[in-house]
Amino acid sequence: MPFLSDPVQAGDLQLANRVAMAPLTRNRSPNAVPTDLVATYYTQRASAGLIISEATAISHQGQGYADVPGLYAPDQIAGWKKVTESVHAAGGKIVVQLWHVGRVSHTDLQPGNAAPVAPSAIQAKTKTVLIKDGVPTFTETSVPRALELSELPGIVDDYRRAARAAIDAGFDGVEVHAANGYLIDQFLKTGANQRTDAYGGSIENRARLLLEVVNAITAEIGAGRTGIRLSPVTPANDVVDADPQPLFDYVVRQLGPLGLSYIHVIEGATGGPRDIPDRPFDYTALKAAYRTAGGQGAWMVNNAYDKALAETALANGADIVAFGRPFIANPDLVQRLQKDAPLNEVNRATLYGGGAEGYTDYPALAA
């Protein structure tokens, strides 16, 4: 039986252990540029087998929250290069999560104060974060406009360019963010997608953008350095699908032959309950659909895992377990899991925005 401390291969990535640091938005990159403090934060957590960076905008249009990083301008790439060099010097591996938020944005964050874009002009009943007078402020999202068919190839190309920029910045690979009610997930799910063209209606049409993005990225940087994150039933950001099992079984069957590095699956509600009574889902069947279709990428599971549950997941066929909130307060989480040491508690007041407090000042175990 594999253990969290065992090495694992994920496509082209040889990982020292099976603990991944999940992507965690922290809003500490003013003007979308990662700082030296960001480099310190990730380097402190380099003992993870794999760090998945905070979600990172592929374009100005793709930004949905204040002070989140981007990967579409030279100063952003330079900032990330400091991060990756520091993580690698500490022996770590890091991929960047590529992000377009779609309708989960605000006009204050968009180029020219334009409306956010979405598959359909349906406002998300959720909030984003603006920073006013230095204070993070939760604000209702703006009403989006529906993307024109002619705009979609440009968005696919934004993903491709961001993937190339990631490699130029020194990342070991990329993770396509197709989860949590952001743009790709909005296209997938019936609650956000009411299109009647080639990107709406049938499962095949709603999955079209996801597959075009993945194929463009793998052609640019290689499938073995490309992962993807999926959240079949999360209600995050006001997203829902009428029948998620056949939708996501189809998606992973299409991804199976592509040779991806890994599939990253959020089980249940992101950051919430693992089981949602009105949204049953068979994750074992999902994994079987992927494997039957020829998928050999690592299977990464995520959501409210502790050590015992993680070891059970590995025993049941998972390859990697992603931990989110525990990594915020425990830069040495891998060592704490190995030693069954107690975990620091998260200071919720410092999760979003600010400086070193609640970011790089959590204590590690005594040597």
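This is a guided tour of a predicted protein model, from the whole chain to single residues.

**The whole chain**

Begin with the entire protein chain displayed as a cartoon. The chain contains eleven helices and 14 strands. Its C-alpha trace spans about 60 × 50 × 40 Å along the principal axes. The radius of gyration is 19 Å, which agrees with the value near 21 Å for a compact globule of 367 residues.

Next, colour the residues by accessibility. Of the 367 residues, 58% count as buried. With the surface switched on, the view shows about 13600 Å² of exposed area, of which carbon and sulfur atoms supply 52%. Colouring by charge picks out 31 positive and 38 negative charges, and the mean positions of these two sets are 1 Å apart. Among contacts with a sequence separation of 6 or more, 73% join residues 24 or more positions apart.

**Helix 3**

Select residues 152-168, which form helix 3. The end C-alpha atoms of these 17 residues are 25 Å apart, in agreement with the 24 Å expected at 1.5 Å a residue. Now show the side chains of the buried positions: Leu-152, Ile-155, Val-156, Asp-158, Tyr-159, Ala-162, Ala-163, Ala-165, Ala-166 and Ile-167.

Which elements do the buried residues of helix 3 pack against? Add helix 2 (74-89), strand 5 (94-99), strand 10 (173-178), helix 4 and helix 6 to the display, as these are the partners. Then move past the end of the helix to Gly-170, which follows helix 3 and has a positive phi, near 95 degrees.

**Helix 7**

Select residues 244-255, the twelve residues of helix 7. The expected span at 1.5 Å a residue is 16 Å, and the end C-alpha atoms are 16 Å apart, which agrees. Nine of the twelve residues are buried, so helix 7 is largely enclosed by the rest of the structure. The buried residues are Pro-244, Gln-245, Leu-247, Phe-248, Asp-249, Tyr-250, Val-251, Val-252 and Leu-255.

To see what surrounds helix 7, display the elements against which its buried residues pack. These are helix 4 (183-188), helix 5 (203-206), helix 6 (208-221), strand 11 (226-230), strand 12 (262-266) and helix 8 (283-292). Helix 4 and helix 6 were also displayed for helix 3, whose buried residues pack against them.

Within helix 7, centre on Pro-244. Its relative accessibility is 12%, so Pro-244 counts as buried, the cut-off being under 20%. Leaving aside residues up to four places away in sequence, Pro-244 touches Pro-232, Val-233 and Phe-281. For a distance across the model, select Gly-297 as well: Pro-244 and Gly-297 are 53 residues apart in sequence, and their C-alpha atoms are 22 Å apart in space.

**Lys-189**

Move to Lys-189, in the loop between helix 4 and helix 5. Is this lysine buried or exposed? Lys-189 counts as buried, at 1% relative accessibility. Its contacts, not counting residues up to four places away in sequence, include Leu-247 and Phe-248, both of which are among the buried residues of helix 7. Lys-189 also touches Arg-206, Ser-231, Pro-232, Val-233, Thr-234, Val-239, Val-240 and Asp-241. Two of these names, Pro-232 and Val-233, appeared earlier as contacts of Pro-244. Selecting Ser-120 adds a further reference point, 69 residues from Lys-189 in sequence and 11 Å from it in space, C-alpha to C-alpha.

**Ser-261**

Continue to the loop between helix 7 and strand 12 and select Ser-261. Ser-261 is buried, with a relative accessible area of 0%. Beyond residues up to four places away in sequence, Ser-261 touches Ala-10, Gly-11, Leu-13, Ala-223, Gly-224, Arg-225, Thr-226, Gly-227, Gly-297 and Ala-298. One of these contacts, Thr-226, is 35 residues away along the chain, with a C-alpha separation of 5.3 Å.

**Two exposed residues with positive phi**

Finish with two residues other than glycine. Ala-304 lies in the loop between strand 13 (298-302) and helix 9 (307-315). Its phi is positive, near 60 degrees, and Ala-304 counts as exposed at 53% relative accessibility.

Then select Asp-340, in the segment after helix 11 (333-339). Phi of Asp-340 is also positive, near 55 degrees. Asp-340 is exposed, with a relative accessible area of 59%.

Conventions
Residues are numbered from 1 along each chain as its sequence is written. This is a predicted model: local features need pLDDT of at least 70, side-chain atom pairs count only at pLDDT 80 or more; totals for chains, interfaces and linings use all residues. Side-chain values use heavy atoms; hydrogens and water are left out. Helices (H or I, at least four residues) and strands (E, at least two) are DSSP runs, numbered from the N terminus. The radius of gyration is taken over C-alpha atoms; the globule rule is 2.2 Å times the number of residues to the power 0.38. Buried means under 20% relative accessible area, exposed over 50%, partly exposed in between (1.4 Å probe, protein chains only). Contact means heavy atoms within 4.5 Å. Accessible areas come from the Shrake-Rupley method with a 1.4 Å probe; for residues, only the protein chains shown count as cover. Lys and Arg count as positive and Asp and Glu as negative; His and the chain ends are not counted. The place of a charge is taken as NZ of Lys, CZ of Arg, CG of Asp or CD of Glu. The expected span of a helix is 1.5 Å times one less than its number of residues.
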